[in-house]
Amino acid sequence: MAPRPLSPQEIQDALTELPGWTSTGDRIERTYTFAGHLAAAAIVTEIARVQESLNHHADLTLSYDKLKVSVNTHSVGGKVTELDTELAHRIEQIAVEHRVA
Ligand SMILES: C[C@H](O)[C@H](O)[C@H]1CNC2=NC(N)=NC(=O)C2=N1
């Protein structure tokens, strides 16, 4: 079944379970900061594995010691759906394992 775009209220409710994540309206995003570049780069492959398993992919922007994660659902015209909040939770699990602040 096709995912349904979440309402602004549903997005806000979902973000209460995702500290550090924000909504721009049509996306949910978080920027993680790491000890350095290799630590920031190392998490990318793990996120990619989860994204392949879910068949849902965020935009990942790697800079020196930061990784920005930004996601929406293309198949509904670029809106936030439960697929995005599910991926965000999975990425949070990986971040905890990497002891990201
Ligand atoms: C064909 C394939 O199922 C689609 O392109 C998947 C892949 N990853 C995706 N990722 C995101 N963020 N949104 C999608 O709609 C999406 N669709």
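**Reading strands, helices and a ligand shell**

Q: How many bridges join S3 to S4?
A: Four bridges do, and the two strands run antiparallel. A strand here is a DSSP run of E with at least two residues, a helix is a run of H or I with at least four, and both are numbered from the N terminus. Two strands pair if DSSP finds at least two bridges between them. One of the partnerships puts Thr-61 across from Lys-68 in S4, and a hairpin takes the chain from S3 to S4 through three residues.

Q: What should I know about the model and its numbering?
A: It's a predicted model, where local features need pLDDT of at least 70, side-chain atom pairs count only at pLDDT 80 or more, and totals for chains, interfaces and linings use all residues. Residues are numbered from 1 along each chain as its sequence is written.

Q: What pattern does the protein follow along the sequence?
A: Go from start to end and you'll read α-β-β-α-β-β-α. That comes to three helices and four strands.

Q: What does S2 pair with?
A: S2 has strand S1 (residues 22–23) as an antiparallel partner over two bridges, and it is joined to strand S4 (residues 66–71) by six bridges, also antiparallel. Follow Ile-28 to see both: Ser-23 stands opposite Ile-28, and Val-71 is its bridge partner in S4. Further along, Tyr-32 has Leu-67 as its bridge partner in S4. Back in the hairpin of S1 and S2, four residues lie between the strands, and Gly-25 takes a positive phi near 105°.

Q: Which side chains of S2 are buried?
A: In a regular strand the side chains alternate between the two faces of the sheet. Along S2 (residues 28–33), Ile-28, Arg-30 and Tyr-32 point to one face and are buried, whereas Glu-29, Thr-31 and Thr-33 point to the other and are not. "Buried" means 20 or more other C-beta atoms within 10 Å of the residue's own, "exposed" means 12 or fewer, and "partly exposed" is in between, with C-beta atoms placed from the backbone. S4 also has two faces: Leu-67, Val-69 and Val-71 are covered, while Lys-66, Lys-68 and Ser-70 are uncovered. Across the protein's 101 residues, 24% count as buried.

Q: How far does helix H2 reach?
A: The expected span of a helix is 1.5 Å times one less than its number of residues. H2 (residues 37–54) has 18 residues and reaches 26 Å from its first C-alpha to its last, close to the 26 Å expected.

Q: What phi does Asn-55 take, just after H2?
A: Most residues other than glycine have a negative phi, and most peptide bonds are trans. Asn-55 isn't a glycine, yet its phi is positive, about 50°. You'll find Asn-55 in the loop between H2 and strand S3 (59–62). With 7 other C-beta atoms within 10 Å, Asn-55 is exposed.

Q: Which residues are around the ligand?
A: A residue counts as near a molecule if its C-beta atom, placed from the backbone, lies within 6 Å of it. Here they are Asn-55, His-56, His-57, Val-71, Thr-73, His-74 and Ser-75. By class, the shell has one nonpolar, six polar and no charged residues. Nonpolar covers Ala, Val, Leu, Ile, Met, Phe, Trp, Tyr, Cys and Pro, charged covers Asp, Glu, Lys and Arg, and the others, Gly among them, are polar.
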